[in-house]
Amino acid sequence: MTPFLFTFVVLAFSVGAGLLGSLLGIGGGLILIPVLTLLLKVDIHYAVGASIVSVIATSSGAAAAYVRERMANLRVAMFLELATTAGALTGAFLSGRVGGRGVYLVFGAVMAYSALVMLRRLKSGAVPTEVPEDALADRLGLHGSYFDESLGREVGYRVTRPVAGLGLMYVAGTVSGMLGIGSGALKVPAMDLTMRLPLKVSTATSNFMIGVTAAASAGVYFARGHIDPFIAGPVCVGVTLGAWLGSRHLMARVNAAWLRALFVGVLLWVAFEMLRKGWTS
């Protein structure tokens with residue numbers, strides 16, 4: 001493959017990854033890493049380095065729109081970032097001590113778990129019901145509301161179990177730093193299933209958070225020489241464009257049940273491919 005063709009292919013896939021990443025709150029790394037490693041035969045460590053850049057770009061491209069539309073919960077995001085940033089530094093430290101096969105297997109196992117958890121609520125609606133009261137969430141003012149264009153009305157919601165969410169976010173941050181995926185695949189289920197935020201709010205808040213989490217570990221990858229501008233350049237341009245399209249034109253109009261089904265489908269495909277690669281490598 002010529003350098004020009006390689007750049008064009010990476011750019012095209014990056015636009016699609018940024019679009020899906022902005023809709024699902026996963027940062028695009030879930031799609032990009034399998035494409036770079038399985039299709040384009042890029043070393044897993046360089047793919048992870050490029051993915052870190054794509055996560056920051058996706059967050060930058062999508063977060064502003066979600067904040068303006070009041071879909072991202074800033075109080076929840078800032079509270080949870082305490083744990084994800086610490087976890088990202090832990091994961092970046094561990095990544096240099098785990099071989100390529102181990103990274104593939106951990107990646108696939110994490111995605112499979114996330115898919116199975118989300119599958120349990122595949123038929124649920126946009127707004128969680130019977131949310132238990134939580135004194136800490138009340139004290140921190142974590143509850144909120146947003147306007148859902150697909151429903152045509154304002155949707156209010158309550159947040160519960162913030163301490164459990166904090167623990168899960170440390171795990172998500174560690175996975176992010178280790179695998180370069182932004183950990184939205186773990187953050188979204190944690191907020192959706194544990195803290196009981198609506199899926200759209202979980203996705204928008206995850207998009208806001210993933211850039212901070214990725215930035216915390218990007219310096220470690222840069223110092224190791226695992227961020228190649230030839231790969232990271234077109235990735236950054238493509239995911240920024242895709243994230244802009246998804247956040248500005250699609251997110252508010254997408255049905256929550258369809259969004260959840262798409263999320264589960266993407267996770268299952270990626271889990272299968274990465275486990276297969278790790279098992280046979």
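Which helix holds glycine 238? Glycine 238 is found in helix 10, made of residues 229-249. The structure described here is a predicted model.

## Overall make-up

The secondary structure of the protein consists of eleven helices and two strands. Read from the N terminus, the order of elements is α-α-α-α-α-α-β-β-α-α-α-α-α. The two strands therefore follow one another in the chain, with helices on both sides of the pair.

Of the 281 residues in the protein, 56% are buried. Among contacts with a separation of 6 or more, 84% are made by residues 24 or more positions apart. The accessible surface is about 11200 Å², and carbon and sulfur atoms account for 69% of that area.

## Nonpolar cores

The largest nonpolar core has 47 residues. Those with the most contacts inside this core are Leu36, Leu40, Val42, Met111, Ile231, Val235 and Met274. Helix 3, residues 44-68, gives the most to this core, with eight residues. A second, separate core has 24 residues, including Val76, Leu80, Ala83 and Met169.

Valine 235 belongs to the largest core. With neighbours within four places in sequence left aside, valine 235 is in contact with Val10, Ser14, Leu32, Ala50 and Ser54.

## Helix 1 and helix 10

Helix 1 covers residues 3-24 and contains leucine 11. Its 22 residues, at 1.5 Å a residue, should span 32 Å, and the end C-alpha atoms are 31 Å apart, which agrees. The buried residues of helix 1 are Phe6, Val9, Val10, Ser14, Ala17, Gly18, Gly21, Ser22, Leu23 and Leu24. An α-helix has 3.6 residues a turn, so residues three or four places apart point the same way. Several of the buried positions in helix 1, among them Phe6, Val10, Ser14, Ala17 and Gly21, can be read with that spacing in mind.

Leucine 11 has a relative accessibility of 31% and so counts as partly exposed. Apart from neighbours within four places in sequence, leucine 11 is in contact with Pro234, Val237 and Gly238. The C-alpha atoms of leucine 11 and isoleucine 231 are separated by 9.4 Å, although these residues are 220 residues apart along the chain.

On the helix 10 side, glycine 238 has a relative accessible area of 0%, so this residue is buried. Glycine 238 touches Leu11, Ser14 and Val15, not counting residues up to four places away in sequence. Glycine 238 and leucine 19 lie 219 residues apart in sequence, and their C-alpha atoms are 9.3 Å apart in space.

## Helix 4

Helix 4 runs over residues 74-95. The expected span of its 22 residues, at 1.5 Å a residue, is 32 Å; the end C-alpha atoms are 29 Å apart, which agrees. Helix 4 bends by about 40° at glutamate 81.

Glutamate 81 is also one of the buried residues of helix 4. The others are Val76, Ala77, Phe79, Leu80, Ala83, Thr84, Gly87, Ala88, Gly91, Ala92 and Ser95. Of these, Val76, Leu80 and Ala83 are among the residues of the second core.

## The strand pair

Strand 1 (residues 144-148) and strand 2 (residues 153-157) run antiparallel and are joined by five bridges. Serine 145 stands opposite glycine 156, and aspartate 148 has arginine 153 as its bridge partner.

The hairpin has four residues between the strands. In this hairpin, glycine 152 takes a positive phi near 75°.

## Two arginines with positive phi

Arginine 161 is located in the loop between strand 2 and helix 7 (162-179). Its phi is near 50°, a positive value in a residue other than glycine. With a relative accessible area of 35%, arginine 161 is partly exposed.

Arginine 196 lies in the loop between helix 8 (184-194) and helix 9 (199-223). This residue is not a glycine, yet has a positive phi of about 65°. Is arginine 196 buried or exposed? At 18% relative accessibility, arginine 196 counts as buried, because the cut-off for buried is under 20% relative accessible area.

Technical notes:
Residues are numbered from 1 along each chain as its sequence is written. This is a predicted model: local features need pLDDT of at least 70, side-chain atom pairs count only at pLDDT 80 or more; totals for chains, interfaces and linings use all residues. Side-chain values use heavy atoms; hydrogens and water are left out. Two strands pair if DSSP finds at least two bridges between them. Buried means under 20% relative accessible area, exposed over 50%, partly exposed in between (1.4 Å probe, protein chains only). Contact means heavy atoms within 4.5 Å. Accessible areas come from the Shrake-Rupley method with a 1.4 Å probe; for residues, only the protein chains shown count as cover. A nonpolar core is a set of buried Ala, Val, Leu, Ile, Met, Phe, Trp, Tyr and Cys residues joined through side-chain atoms within 4.5 Å. The expected span of a helix is 1.5 Å times one less than its number of residues. The bend at a residue is the angle between axes fitted to the seven residues ending there and the seven starting there.
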